[in-house]
Each structure stands twice: as C-alpha cells, then as structure tokens.
Amino acid sequence: MRGGFIEKPMKAYFRNDLEEPQLIDEYSVKIQVKISGICGSEVHAYHGKHAWRVPPLVSGHEFSGVVVALGSAVTACKIGDRVTAEPQYGCGHCELCASGAYNLCEDKKILGATYWSGSFGEFVVVPERCVIRLQDTVSFDAGALIEPLAVGMHAGRRPCK
C-alpha cells in the first residue's frame, strides 16, 4: 500500500510497500481514503512530540472515503457508501465510557497512532461504531472536516470555568 510514513522525528516520506490494513473482526469496516487532513497532532508526531503518535507510523485521522469491505456482522453501512469515521473509541466498560466520556478512557484507541494505521495510507480499517455515513451532498473535502469541526463544537459547548 502507498502511504505517508513518518519514520522518525523530522523524517517523513511516501512509501509504496506499507502493509495494507485488513478487517480484524466481524464488526470492522475497510475504507479507501479519498481525502485526509493534516492536524496539529500529525505535526507534533513529525517533530517527535506527540504522546500517542510515536514514529514509525502511518499517521492521519481526519479523512473521508468509500467503504470497500465489511465484516460479516456490519449493518450500519454497505460497500460503496461515502463515509468518515470518528478517529477514537474507548474500552466501552469503564466509568468514563459508561458516562459518554469515552474520549477520556485510559484504554482508548486512536486512529493514526503507532498501533492503528492512519489515514495517510490508501486504506484504513475502523470499528463499525466509528463509521459516519456522508450524505451525497457532502463532498469528500467537507467529510474530512467533520472531525476537526466536531472538536471545535465540543470545546465551544463546554462551560467556562
């Protein structure tokens, strides 16, 4: 697979020999990436200053694309759907996850981290629960902006302290 690869701090380039992510269980969705944004966290990873995005890795987590493969139990989308995905998920069992604050889960998984190949590659595999279908009127460019806009909206809705 071709993808943007951060080998070590301050050394990033495209590779054509990256391992293509595969479905990992019956609830996995494989997406062909059409557009991927570059977040400040990718810049931090490039500089070697990010806690979870530690090179070597295929980073990236703001993206949109097309579903190309499904696990046998997936019902939320179908092959050919235009989608984006929430780039993290919690364990689902802790108190934070139960309260809806899975973004604070100590065992959360983050797309584009060392252990989960990100959207700078041609394909990503995400859990079905992370998939967000895009309406036909939403461009791939706009679909890749859903995650950063959601972060801003969340911050804006939080009460000031």
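Modeller: Two strands pair if DSSP finds at least two bridges between them. I apply that criterion here to a predicted model.

Colleague: What makes β4 and β5 a pair?

Modeller: Strand β4 (residues 63-70) is joined to β5 by 2 bridges, and the criterion asks for at least two; β4 and β5 therefore pair. The two strands run antiparallel. Within β5, Arg82 is the bridge partner of Val66.

Colleague: How do you know that β5 also pairs with β9?

Modeller: There are 3 bridges between β5 and strand β9 (residues 131-133), so the requirement of at least two is met. These strands are antiparallel as well. Opposite Thr84 stands Ile132 of β9.

Colleague: Why do Arg82 and Thr84 point one way from β5 and Val83 and Ala85 the other way?

Modeller: Because side chains in a regular strand alternate between the two faces of the sheet. In β5 (residues 82-85), all of Arg82, Val83, Thr84 and Ala85 are buried, which means that each has under 20% relative accessible area.

Colleague: Which residues touch the most other members of the largest nonpolar core?

Modeller: That core has 15 residues, and Val29, Ile31, Phe63, Cys77, Val124, Val126 and Val131 touch the most other members. At least two residues come from each of β3 (28-36), β4, β5 and β8 (123-127), with β3 giving the largest share, 3 residues.

Colleague: What makes Leu23 and Val131 contacts of Val29?

Modeller: Contact requires heavy atoms within 4.5 Å. Beyond its neighbours within four places in sequence, Val29 is in contact with several residues, including Leu23, Val67, Cys77 and Val131; these therefore have heavy atoms within 4.5 Å of Val29.

Terms used:
Residues are numbered from 1 along each chain as its sequence is written. This is a predicted model: local features need pLDDT of at least 70, side-chain atom pairs count only at pLDDT 80 or more; totals for chains, interfaces and linings use all residues. Side-chain values use heavy atoms; hydrogens and water are left out. Buried means under 20% relative accessible area, exposed over 50%, partly exposed in between (1.4 Å probe, protein chains only). Helices (H or I, at least four residues) and strands (E, at least two) are DSSP runs, numbered from the N terminus. A nonpolar core is a set of buried Ala, Val, Leu, Ile, Met, Phe, Trp, Tyr and Cys residues joined through side-chain atoms within 4.5 Å.
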